[in-house]
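Here is a short tour of a protein chain for you to follow with the model open beside the text. Take a look first, and then we can go through its parts together.

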Amino acid sequence: MKKIYIIEENVHLLEMLKTIVQECILGHEVIGTANNGQQAMKDGIALEPDRFILDFNLPEADGDEVLNFIKTNLPQSKVMLYSEQNDQKTIEITLQGKADGHMIKGSRIEEIVYAIKKVTRGDHYFSSVFHKHKFSSKL
């Protein structure tokens, strides 16, 4: 059973992601949630999740700080960033290879399920916004 920890500031999105993981993805369980970066880092050490879904715009410690903390202290854990569509900083961090995937808020349930499964298998997943940015920046 893969252990997933969800970090999302918006309580409605947090509950939606939790429900999707619990009801749509076999072999995965949500072992914890947080709505701020400090709590996520504290819980991450105690719970040692296999996977994180990380909102990048967080109070008390931003997503960049939390991502660096996870990759330093829990290097075996995979991190899927979950951000607003036009979040330039998150796209750049994903392009640099710091995260294992990038998914935009507002994605369809099917895409969320697919993205989580793909990252769980050890692959990378990048939303269509990532691809548009990657190719348009090379023109």
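## How far to trust the model

Let's begin at the tail: over residues 134-139 the pLDDT stays under 50, and the model has one contact beyond four places in sequence for this stretch. Where pLDDT is low, the predicted coordinates should not be read in detail. That caution matters here, as what you see is a predicted model.

For the chain as a whole, the mean pLDDT is 85, and 86% of the residues reach 70 or more.

## The chain at a glance

The secondary structure adds up to six helices and six strands. Starting from the N terminus, the elements follow the pattern β-α-β-α-β-α-β-α-β-α-β-α.

Of the 139 residues in the chain, 47% are buried. Among contacts with a separation of 6 or more, 65% are between residues 24 or more positions apart. The chain exposes about 7000 Å², and carbon and sulfur atoms supply 49% of that area.

## The sheet and its edges

The six strands form an open sheet in the order S2-S1-S3-S4-S5-S6, with parallel pairing. Which strands stand at the edges? They are S2 (28-34) and S6 (125-126); each has a single partner strand, so one side of each is left without a neighbour in the sheet.

At the S6 end, two bridges join S5 to S6, and the two strands run parallel. Here His102 stands opposite Phe126 in S6. As a general reminder, strands of a sheet pair through backbone hydrogen bonds, either parallel or antiparallel.

## Strand S3 and its neighbours

Is strand S3 (residues 51-55) enclosed or open to the outside? Five of its five residues are buried, so S3 is largely enclosed by the rest of the structure. The cover is on both faces: Arg51, Ile53 and Asp55 are buried on one side, and Phe52 and Leu54 are buried on the other.

In the sheet, S3 is joined to strand S1 (residues 2-7) by four bridges, and these strands run parallel. Ile6 has Ile53 of S3 as its bridge partner. Towards strand S4 (residues 78-83) there are five bridges, again with the strands running parallel, and Phe52 has Val79 of S4 as its bridge partner. To get from S3 to S4, the chain passes through helix H3 (residues 63-73), and this β-α-β crossover is right-handed.

## Leu74, just before S4

Leu74 lies in the loop between H3 and S4. With a relative accessible area of 4%, Leu74 is buried, as the cut-off for that label is under 20%.

What does Leu74 touch, leaving aside its neighbours within four places in sequence? Its contacts are Gly44, Ile45, Glu48, Pro49, Phe52 and Phe69. Phe52, one of these contacts, is also the S3 residue with Val79 as its bridge partner. As for Glu48, its C-alpha atom is separated by 7.1 Å from that of Leu74, while the two residues are 26 apart along the chain.

## Salt bridges, buried and exposed

The count of salt bridges comes to five. One of them pairs Glu8 with Lys105, with 3.3 Å between the closest N and O atoms. This pair links distant parts of the chain, 97 residues apart: Glu8 is in the loop between S1 and helix H1 (11-24), and Lys105 is in the loop between strand S5 (101-104) and helix H5 (109-120). Both Glu8 and Lys105 are buried. Together with Asp55, they are linked in a network of salt bridges, and Asp55 is itself among the buried residues of S3.

Other salt bridges have partners with more of a view outwards, as their labels tell. The side chains of Arg108 and Glu110 meet at 3.3 Å, N to O, and both Arg108 and Glu110 are exposed. Asp123 and Arg121 form another salt bridge through their side chains, at 3.5 Å from N to O. In this pair, Asp123 counts as partly exposed at 32% relative accessibility, whereas Arg121 is exposed, with a relative accessible area of 53%.

Conventions
Residues numbered from 1 in each chain as written. Predicted model: local features only at pLDDT ≥ 70, side-chain atom pairs only at ≥ 80, totals over all residues. Heavy atoms only, no water. Buried < 20%, exposed > 50% of the residue type's maximum accessible area, 1.4 Å probe, protein only. Pairing = 2+ DSSP bridges. Right-handed = clockwise from strand over helix to strand, strands pointing away. Salt bridge = Lys/Arg side-chain N within 4 Å of Asp/Glu carboxyl O. Contact = heavy atoms within 4.5 Å. Areas by Shrake-Rupley, 256 points an atom, 1.4 Å probe, with all protein chains shown as cover. pLDDT = per-residue confidence, 0-100.
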